[in-house]
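Got a minute for a quick tour of a fold? Here's a briefing you can read with the viewer open.

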Amino acid sequence: MNGRQDRLRELGELLRRLRKDAGLTGKELAHRAGVAQPTISRMETGRLLPTPETVERVSAALQLDQDARRELDTLLVRLRDEVSRLKGGLAGREAANAARVRSSKWMAVFSSAMVPALLQTAEYARLVVSIGRDVDEDDAAKAAAVRVDAQSVLFEEGRRFAFVLTEGAVRTWPGSPSLMLAQLDRLAQVATLPHVRLGVVPWKTEAPAFPLHGFTIYDGSMSVVESMTGDITLTEAAEVGAHEEVFEAFADAAVYGDELRALLGEIAADFRELAKQLDD
């Protein structure tokens with residue numbers, strides 16, 4: 001199969017099979033999911049890419065098990081990535097990422113090179129999406145705005161987030177050392193949210209594994225690795241499990257609470273001193 005339309009037909013066939021396996025008619029599924037019947041029909045005939053909210057409603061109505069939900073999510077991720085590429089530009093890619101974030105209830109994020117997208121200030125985000133690349137300034141600005149807007153999920157009830165960063169990720173600065181002071185404040189603020197767990201592994205602590213790359217685990221069913229040219233999505237249980245093990249190892253080595261605030265304070269002091277040296 002090639003192209004978005006083929007993927008949509010594949011999605012429709014999968015949804016139709018799952019509905020029949022559940023012993024439901026299209027009308028019954030629409031009623032249980034609280035969506036219009038034409039929506040179910042358009043999805044099953046490959047004429048509609050459902051929103052994350054619709055996917056959640058339909059999945060709950062079908063009472064999908066973990067394997068079926070993983071199969072559905074894998075296809076949806078591929079579709080949304082294709083749509084973002086067809087739209088083109090950084091903003092399209094960020095919109096696809098934002099949709100994936102909003103469809104998740106539980107996220108575990110490990111980063112060894114940069115502050116994760118959900119924790120970035122607007123200035124940091126703008127530089128991250130554009131630095132070292134030949135990009136359109138308007139596209140970069142829109143992409144950064146989409147990225148920052150997606151951070152609203154951090155304040156929504158019913159979601160849980162765990163972030164583990166290496167100290168190297170916190171100390172790597174795009175643009176200038178000065179902007180990192182605001183970024184460090186942002187980390188300290190997010191760490192106080194009741195449904196967010198944020199830890200940093202100090203450089204003085206022996207690493208439990210080589211942090212070859214960062215990754216984000218969504219609802220325990222998929223892990224996404226962000227590369228320079230696009231995202232790599234892993235859905236095999238063994239691969240996701242390996243990432244979960246690495247995440248827990250680094251989480252055990254991280255500092256939290258008062259220790260985290262003290263570490264962020266030390267890093268902030270270093271950035272202030274570095275800014276002075278660069279100004280001299």
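What follows goes through the sheet, the salt bridges, a pair of helices and two individual residues.

Keep in mind that this is a predicted model. Its sheet is an open one built from six strands, and the structure holds 12 salt bridges. Helix 7 and helix 10 cross at roughly 115°, and S223 is a buried residue worth a click, at 0% relative accessibility.

**The sheet**

- If you trace the six strands across the open sheet, the order reads 3-2-1-4-5-6, and the pairing is mixed.
- Strand 3 (196-201) and strand 6 (231-234) sit at the edges, each pairing on one side only.
- Going from one strand to the next, the twist averages 15°.
- Strand 1 (residues 106-111) runs parallel to its partner, strand 2 (residues 160-166), and six bridges connect the two.
- To see that pairing residue by residue, pick M107, whose bridge partner in strand 2 is F161.
- A108 is another one to pick: it stands opposite A162 in strand 2.
- Strand 2 also pairs with strand 3, again in the parallel sense and over six bridges.
- On that side, T166 has V201 in strand 3 as its bridge partner.
- How much of strand 2 is covered? Most of it, since six of its seven residues are buried.

**Salt bridges**

- As background, side chains of opposite charge can pair when their charged atoms come close.
- D21 and R17 form one of the salt bridges, with 4.0 Å from N to O.
- Both D21 and R17 belong to helix 1 (residues 3-21), where they are four residues apart, or about one turn of the helix.
- D21 is exposed, at 60% relative accessible area, while R17 is partly exposed at 38%.
- This pair has company: a network of salt bridges links R17, D21 and E71.
- E156 and R159 make another salt bridge, this one at 2.6 Å from N to O.
- Which side of that bridge is buried? R159 is, at 8% relative accessibility, whereas E156 is partly exposed at 31%.
- Then there's the salt bridge between the side chains of E167 and R171, at 2.7 Å from N to O.
- Why are E167 and R171 about one helical turn apart? Because they are four residues apart in helix 9 (residues 167-171).
- E167 is buried, with just 3% relative accessible area, and R171 counts as partly exposed at 29%.

**Helix 7 against helix 10**

- For packed helices in general, the description uses the angle between the axes and the distance between the axes.
- Here the axes of helix 7 (residues 122-130) and helix 10 (residues 179-190) come within 9 Å and cross at roughly 115°.
- That crossing makes helix 7 and helix 10 roughly perpendicular to each other.
- Which residues meet there? From helix 7 it's E123, Y124 and L127, and from helix 10 it's L179, M180 and Q183.

**E28**

- E28 is found in helix 2 (residues 26-33) and is partly exposed, with 37% relative accessibility.
- A polar atom of the E28 side chain lies 2.9 Å from the backbone nitrogen of T25.
- For a sense of scale, the C-alpha atoms of E28 and A182 are separated by 51 Å, and the two residues are 154 residues apart along the chain.

**S223**

- S223 belongs to strand 5 (residues 222-226).
- Is S223 buried or exposed? S223 counts as buried, because its relative accessibility is 0%.
- The side chain of S223 has a polar contact with the side chain of H243, at 2.6 Å.
- Leaving out residues up to four places away in sequence, S223 touches F215, T216, I217, I232, T233, L234, V240 and H243.
- H243 therefore shows up in S223's surroundings as a buried residue's polar partner: S223 is at 0% relative accessibility, and its side chain meets that of H243 at 2.6 Å.

Conventions. Residues are numbered from 1 along each chain as its sequence is written. This is a predicted model: local features need pLDDT of at least 70, side-chain atom pairs count only at pLDDT 80 or more; totals for chains, interfaces and linings use all residues. Side-chain values use heavy atoms; hydrogens and water are left out. Two strands pair if DSSP finds at least two bridges between them. Axes are lines fitted to C-alpha atoms, for helices over the stretch in contact, and angles run from 0 to 180 degrees between N-to-C directions. Buried means under 20% relative accessible area, exposed over 50%, partly exposed in between (1.4 Å probe, protein chains only). A polar contact is a pair of N or O atoms within 3.5 Å; within protein, one must be able to donate a hydrogen and the other to accept it, and residues adjacent in sequence count only if both atoms are side-chain atoms. Angles under 35 degrees count as roughly parallel, over 145 as roughly antiparallel, 65 to 115 as roughly perpendicular and the rest as oblique. Contact means heavy atoms within 4.5 Å.
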